[in-house]
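I opened this notebook to keep track of what I looked up, starting with how helices pack and then turning to charged side chains.

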Amino acid sequence: MHNAGGAEMTSDSDEYSEISGSELDEEITWIEWFCHLKGNEFFVEVDEDYIQDDFNLTGLSAQVPCYEDALNMILDFDDQDDHRLPDEQKPLVETAAQMLYGLIHARFILTSRGMAAMLDKYNAYVYGTCPLTQCEALNQAVLPIGMSDQLRQAPAKVYCHHCREVYYSKSSKLECLDGAYFGTTFASLFFLTYQHLVPPTMPSPFVPRIYGFKVHKSFKDRARSQVLGQARGPIQNTLEGGARGSTKASSPQTAQAALKSGAAGSAEVREDRPEDRKEILVD
């Protein structure tokens with residue numbers, strides 16, 4: 001348990017978000033303490049009974065160092081005498097506990113209780129709005145999304161279901177979190193679950209214009225093909241030249257002609273030897 005009213009918290013009060021006065025007078029769990037840290041408001045509080053179910057943690061022990069100690073810290077078992085850690089190990093276990101909680105969080109938000117908690121944050125615009133001009137005009141909220149389910153692959157991004165695009169977050173705090181803490185599945189499953197939140201329309205694409213006139217599609221296609229042709233020209237010529245050279249070198253007719261010319265050359269050398277000329281003079 002973490003004492004929210006202790007001297008440690010009061011000395012580092014800037015690191016914590018909103019905690020009421022009644023909460024400061026009592027001990028809070030590690031999960032509550034972690035989720036109230038500034039920058040961690042993007043997490044929801046995972047139910048302890050969900051964490052205590054080993055089935056929900058399948059495979060996580062291979063991804064997180066000090067797994068058992070980290071799990072005990074999350075569940076506040078580290079305060080017990082038989083689970084107390086040496087002081088030099090606490091920073092390492094604390095980091096491992098945060099990683100483990102993030103991976104558990106990615107699984108919990110796929111459940112009905114976790115998704116309901118994320119719905120509250122979505123409606124409160126905790127994750128911000130879409131930066132696209134047409135979406136921003138509608139004040140379209142976004143959801144966090146990961147590019148990978150594995151740790152240390154990519155930071156968290158935000159997904160807008162109105163334009164169906166993924167963007168860098170406007171919040172530097174959210175961008176500092178690992179994308180695996182939200183996973184690749186949640187955003188799509190969220191809108192399948194809450195279909196009333198799906199926007200009825202998609203924004204129309206931007207249309208380039210010159211003096212108010214639309215640029216014709218054929219011009220854009222022709223310009224694009226010219227650029228691609230210029231880029232492919234030197235490479236294609238090199239490849240074709242190499243192919244022609246290799247074909248000539250490997251042709252059976254070319255090899256046979258080379259052998260015949262070599263044999264003829266040898267015969268001519270033998271006829272021109274000085275010894276042969278002397279024999280002719282003697283005769």
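The entries below follow one helix pair and then the salt bridges.

Entry one. I noted at the outset that this is a predicted model. I then looked up helix H5 (residues 67-74) and helix H6 (residues 90-108), whose axes come within 8 Å and cross at roughly 75°. Because angles of 65 to 115 degrees count as roughly perpendicular, I recorded H5 and H6 as roughly perpendicular to each other.

Entry two. I listed the residues where these helices touch: Tyr-67, Asp-69, Ala-70, Leu-71, Met-73 and Ile-74 in H5 meet Val-93, Glu-94, Ala-96, Ala-97, Leu-100 and Tyr-101 in H6. In this contact of H5 with H6 I found 10 nonpolar residues, no polar ones and 2 charged ones.

Entry three. How many salt bridges does the structure hold? I found 4, and I followed those of Arg-113 before the others. Arg-113 meets Asp-47 at 2.8 Å, N to O, and this pair links distant parts of the chain, with Asp-47 in the loop between helix H3 (30-35) and helix H4 (48-51) and Arg-113 in helix H7 (residues 112-123), 66 residues apart.

Entry four. Arg-113 also forms a salt bridge with Asp-49, the closest N and O atoms being 3.6 Å apart, and Asp-49 sits in helix H4, 64 residues from Arg-113. I therefore noted Asp-47, Asp-49 and Arg-113 as a linked network of salt bridges.

Entry five. I last looked up Glu-136 and Lys-170, whose side chains meet in a salt bridge at 3.5 Å, N to O. Glu-136 counts as partly exposed at 42% relative accessibility, whereas Lys-170, at 52%, counts as exposed.

Key
Residues numbered from 1 in each chain as written. Predicted model: local features only at pLDDT ≥ 70, side-chain atom pairs only at ≥ 80, totals over all residues. Heavy atoms only, no water. Axes fitted to C-alpha atoms, helices over the stretch in contact; angles between N-to-C directions. Helix = DSSP H or I, 4+ residues; strand = E, 2+ residues; numbered from the N terminus. Parallel < 35°, antiparallel > 145°, perpendicular 65-115°, else oblique. Contact = heavy atoms within 4.5 Å. Nonpolar A, V, L, I, M, F, W, Y, C, P; charged D, E, K, R; others polar. Buried < 20%, exposed > 50% of the residue type's maximum accessible area, 1.4 Å probe, protein only.
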